[in-house]
Amino acid sequence: MNTNHPASEPQDAVLSVRALYKSFTLHSIDGRTVPSLHGVDLDVRTGEHVALAGPSGAGKSSLLRCVHRTYLPDSGSVRLRTAAGPVELTTLGDRAMARLRGREFGYVSQFLAAPPRTGPLEVVAATARRRGLDRAEARQAAAAALHRLNLDETLWDVDCGVLSGGERQRVNLAAGTVQPPRLLLLDEPVSALDPANREAALELIDSLAGQGVAVLAVFHDMDAIRQLASRVVFVRDGRIARQGTPAQMLEAAA
Amino acid sequence: MSTTTYDTAQPSGIGALVAEADAGSPPAGILDEDAKREIRRACLAAVCVPGYQVPFGSREMPVARGWGSGGLQVTLGVIGADDTVKVIDQGDDAGVNATNLRRMIARTTGCGESADTREATVVQTRHRVPEEALTDRHVLVYQVPVPEPLRGVQKSVAECARMHAEGDYSAMWVSLYEDIVRNGMITASTGYPVLVGGRYVMATSPIPRWDVPRLHRAEQLNLFGAGREKRIYAVPPHTEVRPLTFDDVPFEVEHEPGGRCKFCGSDDVYLVNAGTEGAFACSDTEWCARVQAADADTAAHRERAPLALLPDPAARAGRRAAPLVRKTPADDAPAPARRTRTGGPEWALRVDGIGKVHGAGGASAVPGTGPEHGTAISPSTGAVVAAWDVSFDVAPGEALGLIGESGSGKSTVLRCVIGDEPATAGQVHLASVDDGASEVLALPPAVRRRLRIDSMAVVYQDPAAGLDLRVSAGGNIAERLTAAGWRGYHAIRRRAAELLDRVEVPLSRMDDPVHTFSGGMRQRVQIAKALATEPPVLLLDEPTTGLDASVAAGVLDLLRSLLSERDVAAVVVSHDFSVIEALTDRTLVMQTGRVVEQGLTDQLFHDPHHPYTQRLVAAARR
């Protein structure tokens, strides 16, 4: 635990981020350093939906990726409360991290990162299996999730690579939310959806909070934030500029 | 071209001198005492180690090599003046060869000679064991044409010696398997392989299958001499001699249904074709004559005849067309038990500080090499430091990637772990070996080879490195299974079919030699073979390199689903980020023989830190 930092962790926080720094060193351009996060502190509690808002390049996605360890933070602390107790993710061994990822928290990126030549049902079922379901249960859960997002059944065994952007995004969201873990990281999960599908997706995300899932999400679209978020965190230049309820924040922005 | 004619009618010159000398001298032994001592020493060693081929200093004999020079030397080595010799050629005492050999032996040693097995003490034979009962008074000496049972499957003499030393007879089993697959039965007639004393596989050359049971717990001493190959081996009395045969494919002797000797009427003897169509005669002319003269105990003979081993087509493998893939658990022959781990380490494979230096200097050649020096060539000794200080471990259900450009040392690391080349430094531990306590690299080569059967399997870039291309797809899998102790032909067939089905090789191709397969199909067979014994560790060396893109994609998909459905610990070596990304959770990046970065595979791809990794990632984003 980071004792240097004044902010203490709330007891019911699923995720506690403290003093998180991240920068990129580009060796191909004379070792140029590109800063990304400048000391982020953030807690996400059970059943809470925290929306990250802010201009492009502010560090919203980087924050999600640092939590997921797709990016390796320079310094700071990311603590996840798991079934077995709190775990520091920034220094966790690679193997343990790989195991934790599937089971204890999920990450839905903006773009589907499905293995090539696999179909939606297989992709979603694979995630469900990683989260502890057996083969038959996993297929059932996957089918239910795809139904819920209105993905046409004729597409279920079609290579994800040939799906449209919106279809891919729904597969991605179905995979992320099937058998939901205690923490979900969502990176613009509805950006490519038409209004009807978008509504179904937002409903699905909204229902997660009711199941006790903590959500940390990036949305560009203020309507979505207004509809889903219990708290809005405004990020600018790699720092949390301000935070509050959607009403407060959107008024301030306006 | 010129022809020379010799006048043989009038002995003159040298011929006359030789004739004069022969007439004047007493019968001289053909072998001097040193030669006999050499032969007796070899015979004693052969008796002490039944079935083992003892080399000996073979002499030139007055018969050509290949005409019984080995048998003759053994006979002359063991016979004494108080012995009686009998010589059989093709079961016949009266043939020119047999007669000449018998006379020569008798005249040069002073022993007695007889065509009656009951009187003989030393029987030299080509092709048969006499039908008459043999006792502890008999020494049976075989003239051996092909002493090496592995000759048909392995050309290298050194490799044959290794296989015998390690009891590694899976190649022999594969040849039996292939024979049954092709012909529905074992077709080898003479030289049927037997396991002697539970240890050595021995060729029963020159006798037919009919006589093979006569070696099992025999009363007589059996000595086998091969003059050309300079080998003597033995089956002492009361030794276990079991024909190599699958548990569910019975050993059969030769038999002609309804066949009967046209002279003596026997139907319980080894018969040969006799003249007219469909007529047979006893191969053993002595026995035939005595049966006709009513001087033979035919009741006792019927007891020893291998009538229980007559061919039974109903029991044959080919006739039982059991479905190969749909299995019913009831008729599943039990597979050998696999070691199951309890407790032990978290990892299945651990590699500590592996290093390989080609050339002089060993560890002292290492300073001055590596990524920071930009070279793998030692400035002090000129040696190539192919890999140094590489460490990792892999847990069950996990896949680890090793990525780097050609020459970065990744394949070297894998080869050192497998044992394809000796490591200069470092340690390897396998959880399946003493719960990880033993250092694998320090184990004897024979033990390490065994590890590759059931503890650690490899899939090479080149299928030819992991497969015998002359052997069928099923036979290649049978090799791994028989090495692991499987002895049920049908169980092996079913397992092979199940594996080939899993890797999507059509079962109609199962019995085709692998050299008739395409590259992608070969790679699938190699993968099936690697998985045959469900080893806890699987090493993949550039498994899709060299295949064209669509085929490579298919193999990659197969590997991905195979890894996801198993608790195997996998190491994947590749220069291709897409392969590493598709298969692995964690990755080590190697450059100039060193690990320069490691981490979660997606983190290395999205947030590479080392300049080299950044270059690799940039190159992968075509």
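This is a short dialogue on reading the contacts, salt bridges and helices of a predicted two-chain model.

Reader: Before we start, what ground rules apply to the numbering and the atoms?

Author: Residues are numbered from 1 along each chain as its sequence is written, chains are lettered from A and ligands numbered from 1 in the order in which they are written, and side-chain values use heavy atoms, leaving out hydrogens and water. Since the model is predicted, local features need pLDDT of at least 70 and side-chain atom pairs count only at pLDDT 80 or more, while totals for chains, interfaces and linings use all residues.

Reader: Okay, the interface. How many residues does each chain bring to the contact?

Author: Contact here means heavy atoms within 4.5 Å. On that basis, chain A brings 23 residues and chain B brings 24 residues. Buried area is the accessible area (1.4 Å probe) that two parts lose on being put together, summed over both. Between chain A and chain B it is about 1700 Å², with 45% from carbon and sulfur atoms.

Reader: And how many salt bridges are there between chain A and chain B?

Author: Side chains of opposite charge can pair when their charged atoms come close. The cut-off puts a side-chain nitrogen of Lys or Arg within 4 Å of a carboxyl oxygen of Asp or Glu. Chain A and chain B share 7 salt bridges, and the search over all chains finds 57. One of the interface pairs is A:Lys22 with B:Asp607, whose closest N and O atoms are 2.6 Å apart. Another is A:Arg95 with B:Glu346, at 3.1 Å. That pair runs from helix α2 of chain A to the loop between α8 (298-304) and β13 of chain B; helices (H or I, at least four residues) and strands (E, at least two) are DSSP runs, numbered from the N terminus.

Reader: Is A:Arg95 buried or exposed?

Author: Buried means under 20% relative accessible area, exposed over 50%, and partly exposed in between (1.4 Å probe, protein chains only). A:Arg95 has 10% relative accessibility, so it counts as buried. Its partner B:Glu346, at 48%, is partly exposed.

Reader: What about salt bridges inside one chain? Where do B:Asp89 and B:Arg126 lie?

Author: Their closest N and O atoms are 3.1 Å apart. B:Asp89 is in strand β2 (residues 84-89) and B:Arg126 in strand β4 (residues 122-126) of chain B, so the bridge ties together parts 37 residues apart in sequence. B:Asp89 is buried at 14%, whereas B:Arg126 is partly exposed at 35%. Then compare A:Arg226 and A:Asp223, which meet at 3.2 Å, N to O. These two are 3 residues apart in helix α7 (residues 222-228) of chain A, which means about one helical turn separates them.

Reader: Now a helix. Why is α1(A) described as largely enclosed?

Author: Count its buried residues: 7 of the 9 are buried, so the rest of the structure largely encloses α1(A). Among them are A:Leu63, A:Leu64 and A:Val67. Just past the helix, A:Arg69 has a positive phi of about 65°.

Reader: Which elements do the buried residues of α5(B) pack against?

Author: They pack against α6 (170-183), β7 (200-203) and α10 (445-454) of chain B. The buried set is B:Cys160, B:Arg162, B:Met163 and B:His164. After α5(B) comes B:Gly167, with a positive phi near 60°.
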